[in-house]
Amino acid sequence: MSDILVKALGYNSHARIYAVTTTDALNLIGDRLSYFPSALDALGRVMSMGAIMGGTLKERETVTIRIDGDGQIGRIIVDADAHGAIRGYAENPHCHFEYNDFRLNAKATIGSKGMITVIKDLKLKEPFIGYTPIINGEIAEDFAYYYSVSEQVPTAIALGVLVDTEGRAVVSGGFMIQLLPNTPEEIAVEIENKIKSMPTISEMLSSGFTPEDIIKNISKDAKILSTIPVEFKCNCSKEKFAKGILSLGSKEIKDIIDEDHDCNTTCHFCGSEYHFTDEELIELYNDAKKAGK
Ligand code: ZN
């Protein structure tokens, strides 16, 4: 089954429920850039969170999640839009720990100190930027905290990735439940108890639950609003990399020409390679000089 995001209303329309799978998107990037299991697990969680957040947006809006923890993986970045396009990147994809307890793994991989930044481009003058500290690096709780503090929406989140012995994701996905304003207290308690009694998201997905099944499991009366295909999409291009090289300034471009001659650049998100010949670099060098850089 390909990746999908399902949006629904549940608990007598008092709660918004989102459920997503990101297995294919995660494996695509994991295979291309040879992610180690702990890094793949971490990136998968953040990509599922990104896809869900994308689902909360409208039309041309986009969201970028940035996680800067003190764990070995370094910075994680995920971009998503309202139409199921996601891409993700981890600074150190070759990061792995053998802890059986995923909590210890998350702590070592992502870290337990640091910041989460959410940048939403809502096509207004200024982007919306929200920050919260990392709580435990397990991502789900970190983002539940983010929503309650930064956006003041009571939120429950579950995210999970199951990696096989070959280092590929068997499943990757998650769900999010948000209470709408004026939800009666007993419904909040009911949802809380329901979540506690449910299997983990990885267990549900690996036993064959679809996102829709998960939503129905969360709320029997759930009304499905929409189902969106989720896909890995990168908007990198040679032109964007040329701009990146240009911004290094003439001195540094000269160094590249003198030392390396041709230059290969690789997109950290999708692994695409862009080649710049000496002639192209000289052109960029001249442009940089002209611009006084
Ligand atoms: Zn790319």
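**Where the two domains meet**

Modeller: In this predicted model, the C-alpha centres of domain 1 and domain 2 sit 36 Å apart.

Colleague: OK, and how many residues does the contact take from domain 1 and from domain 2?

Modeller: The domain assignment splits the protein chain into domain 1 (4-232) and domain 2 (238-290). Counting heavy atoms within 4.5 Å as contact, the tally is 9 residues from domain 1 and 5 residues from domain 2.

Colleague: Which three residues supply the most of the area that domain 1 buries against domain 2?

Modeller: Start with the total: the two domains bury about 620 Å² between them, and 69% of that is on carbon and sulfur atoms. On the domain 1 side, no other three residues beat the trio that supplies 64% of the buried area: L33, R87 and Y89.

Colleague: Which element gives the most to the side of domain 1 that touches domain 2?

Modeller: Three elements each put in at least two residues there: α1 (23-32), β4 (75-81) and β5 (85-90). With 3 residues, the top contributor is β5.

Colleague: How do the residues on that side of domain 1 divide into nonpolar, polar and charged?

Modeller: Take the side of domain 1 that touches domain 2. Its residues come out as 5 nonpolar, 1 polar and 3 charged.

Colleague: How many salt bridges and how many residue pairs in polar contact turn up between the domains?

Modeller: The salt-bridge rule wants a Lys or Arg side-chain nitrogen within 4 Å of an Asp or Glu carboxyl oxygen, and across this interface it finds 0. For polar contacts, with both residues at pLDDT 80 or more, the count is 1 residue pair.

Conventions: Residues are numbered from 1 along each chain as its sequence is written. This is a predicted model: local features need pLDDT of at least 70, side-chain atom pairs count only at pLDDT 80 or more; totals for chains, interfaces and linings use all residues. Side-chain values use heavy atoms; hydrogens and water are left out. Domain bounds come from an automatic or database domain assignment. Buried area is the accessible area (1.4 Å probe) that two parts lose on being put together, summed over both. A polar contact is a pair of N or O atoms within 3.5 Å; within protein, one must be able to donate a hydrogen and the other to accept it, and residues adjacent in sequence count only if both atoms are side-chain atoms. Helices (H or I, at least four residues) and strands (E, at least two) are DSSP runs, numbered from the N terminus. Ala, Val, Leu, Ile, Met, Phe, Trp, Tyr, Cys and Pro count as nonpolar, Asp, Glu, Lys and Arg as charged, and the others, Gly among them, as polar.
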